[in-house]
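Visitor: Please take me on a close look at one part of this structure. I would like to see the place where the two chains meet, and then what lies on either side.

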Amino acid sequence: MTGEPRPRVGLFVTCLVDAIRPQIGFAAIELLQEAGCEVEVPQAQTCCGQPALNSGDDADTVHLARQTIAAFEGYDYVVLPSGSCAATMVHGYPELLAGDPDWAARAHAMAAKTHEITSFLADVMAFAPQGRRCDASATYHDSCSGLRELGIAAQPRALLSHVEGLEMRGLAGNDVCCGFGGTFCVKYSDISNAIANEKAEAVEATGADILLAGDLGCLMNMAGKLNRRGAKTRCFHTIEVLSGRTSGPAIGEEGAP
Amino acid sequence: MTAAAQPAFKDRAKAALADPTLKLAIDRTTGNAERKRAAALAAFPEFESARARGKAIKDHVVAHLDHYLEMFERNAIASGAQVHWAADDAEARAIVTRICLAADAKLVTRSKSMLGEEIGLPHALADAGIERVETDLAEHIIQLAGEPPSHIIWPAMHRTREQVAELFKAGHHPPPAAEDPATMVQSARIQLRAKFLNADVGISGANFLVADTGATCTVTNEGNAELTTTPPRIHIVTAGIEKIVPSTAHAFALLRLLVRSATGGEMTQYTTFHCGPKRPGDADGPEEMHIVLVDNGRTRMLANEFREMLRCIRCGACMNHCVVYRQIGGHAYGGTYPGPMGSVLTPVLDGLAASRDLPNACTMNGRCAEVCPVGIPLPTLLRGWRRRSWREGLEPSSLRAGIGIWAQFARRPRLYRLASRIGVRVMRLFGKGGWISRMPLAGGWTDYRDLPRPPGRTFMEQYRDQQKGRRQ
Ligand code: SF4
């Protein structure tokens, strides 16, 4: 990429990655840099506002939407390692701020340059990871918001196909919700549990060593359920595999940085 | 009351989750429906354009509802039918019972109609001392069981074959000779035959009301609607006002979507248009035909953010593809309409205070909207109810407080980072190894699954150190 200016990417790490699995954030930085981007993590970010949005609390969501837009609108792109937070920015913000003369256009502009990371790498940067190896079998769960609101399905699979040694296995009901649903999983925990159990059964039935997904919320739900059931499936965010981090601890394994 | 309504839904859901037979029954039916719909769509490449057309037809009608309803009324009257207007469920019940009582009806046969359930017709008929016989096989089953429908297409889908055999054994005289489906269906036929022929009034719903002919249209796979509506002296149709279509061609355009989405078929076995009562010289048919057009909240929806729900053609695809419905079944929803569409409609019908759990008990995964043949954005509408519920203060105070405190932090990045730093350190105290299996205030999570134990330092801490290191 000599000569051409490198696109400036603002990375929104998401609150779950920040607290529970920082290495997803570092994997994202690494991959974005490898793809030729200049990456920054704006310090004014907190949460995209999804918990408030889904609870019907518009006032707080609007505040967080404006705060996030203000923090990120100076970048060429906004990238997130989460389809559901990306969908909140791409669809939620413009809808929420549609009636606001000062903010509607800014929300649209922001939505237009916001991407979930695998779709950004594959579609925008035409990136393919080089020299990555993972000798294991893996299966992939299509997290709902990314899949249905942003059309993310082919991109992670295409990127994963460049990882040598990785054998991908189909997952029955790969596009069926895992029961996470943000606050749903604690508000209606009985129902969520029943859904998660079915998902875990499907994952176990693949016999794959690794379960992959693109949203940490869903991954935490599935990993937590699999562990409670005594399954040995290791769970990683897609970009952890793409950045070659599978030799380190999986979600819930001791020693994660 | 909110306080009372919330545990009620959760308790019903809990009971449903604890019933393995129910789960088996739901899985069989919805699993089949899902497979058949997928196959039907694969063989129907023009689905997307048909869906766009269906959506456009419904939107057009909804935008000109008064025009088409008046046209329908004119043409129905011209065909000899009598048209009644009911503003709400009570009025609809009163009109139907009045017609039955005026005809001195002792026995009423009824063909499956969700609107009849919506307006509480079964109870109204019982209160009026009129015997009611459900003629749809599934409705017959749940009538024997004394239950309401649990699905809008398969009202008895919560019952396994084995349970149905038990019901028939107890409720049929003579009981069926064997438990194979053919013998049981034959037994139901024997039970119902005399009722079909001796009924004074037949009550049906309508899938479509055709404006330019004044006809009502019913689709079934058993032919029971024909037997319900033809032999009795009086035929009463109850239908929601949103069932209107401009013409027969429009009805067929929607029918193509309805059947594929509902059962995966291309056509129903029986598609019948009723246009007025028996005419001079006709061999059979009712002497009187009454059409009761029911509003019951629909014009209210015209004017608010739930307007798109009026497109619903009651195919049931959203519930068949819903993870929540597939765990708890239809009865747990507590309203006439279950699943995603029910979670939008029940607050319209029963009030939000009584049903605020329904729009909340959804993971927002969007699969319902993906399969809806008329493109109803169900998650968006459900969010609309959550918004109202929040605005009207119906959400539990614990949730409001929780979100409120969290938002106070999220609005202040520095404070938020500090709180995260402290938070992950405190969280770590509750786990050992890589997992937390119990933590105060996290019961909703840890009762059922483990929580990954956070590493000691947040991303932001580590990132800032890294940046500092780089600058030095
Ligand atoms: S909302 Fe859509 S999918 Fe659900 S019953 Fe109505 S038309 Fe069918």
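Guide: Start with a term. Buried area is the accessible area, for a 1.4 Å probe, that two parts lose on being put together, summed over both. The size of an interface is often given in this way, as accessible area lost when the parts come together. Keep in mind that this model is predicted.

Now apply the term. Chain A and chain B bury about 5,800 Å² between them. Carbon and sulfur atoms give 59% of that area. On the side of chain A, the residues that lose the most area to chain B are Q43(A), Y188(A) and R228(A). Together these three make up 11% of what that side buries.

Next, count residues. In chain A, 69 residues are in contact with chain B, where 63 residues take part.

Then look at charge. Six salt bridges are counted between chain A and chain B. One of them is easy to find: R411(B) pairs with D60(A). Their closest N and O atoms are 3.0 Å apart. Polar contacts can be counted too. Across the interface, 32 residue pairs are in polar contact, both residues being at pLDDT 80 or more.

Which element of chain A gives the most to this side? Helix α11, residues 189-206, does, with eight residues. The side of chain A that touches chain B can also be sorted by residue type. There are 35 nonpolar, 19 polar and 15 charged residues.

Step back to chain A. UniProt, in an unreviewed entry, places the feature "domain: Cysteine-rich" at residues 9-89 and 139-222 of this chain. Residues 9-89 are 57% helix and 12% strand. The end C-alpha atoms of that span lie 15 Å apart. Residues 139-222 of chain A are 51% helix and 14% strand. Here the end C-alpha atoms are 13 Å apart.

Turn to chain B. This chain is divided into domain 1 (44-296) and domain 2 (402-471). The centres of the two domains, taken over C-alpha atoms, are separated by 56 Å. UniProt's annotation "domain: LUD", from an unreviewed entry, covers residues 69-294 of chain B. That span is 42% helix and 21% strand, and its end C-alpha atoms lie 11 Å apart.

A further UniProt annotation, also from an unreviewed entry, is "domain: Lactate utilization protein B C-terminal", covering residues 405-467 of chain B. Residues 405-467 are 56% helix and 6% strand. The end C-alpha atoms of this span lie 31 Å apart.

Conventions
Residues numbered from 1 in each chain as written. Chains lettered and ligands numbered in written order. Predicted model: local features only at pLDDT ≥ 70, side-chain atom pairs only at ≥ 80, totals over all residues. Heavy atoms only, no water. Contact = heavy atoms within 4.5 Å. Salt bridge = Lys/Arg side-chain N within 4 Å of Asp/Glu carboxyl O. Polar contact = N/O pair within 3.5 Å; in protein donor to acceptor, adjacent residues only side chain to side chain. Helix = DSSP H or I, 4+ residues; strand = E, 2+ residues; numbered from the N terminus. Nonpolar A, V, L, I, M, F, W, Y, C, P; charged D, E, K, R; others polar. UniProt positions renumbered as here; feature names shortened; annotations may be inferred. Domains from an automatic or database assignment.
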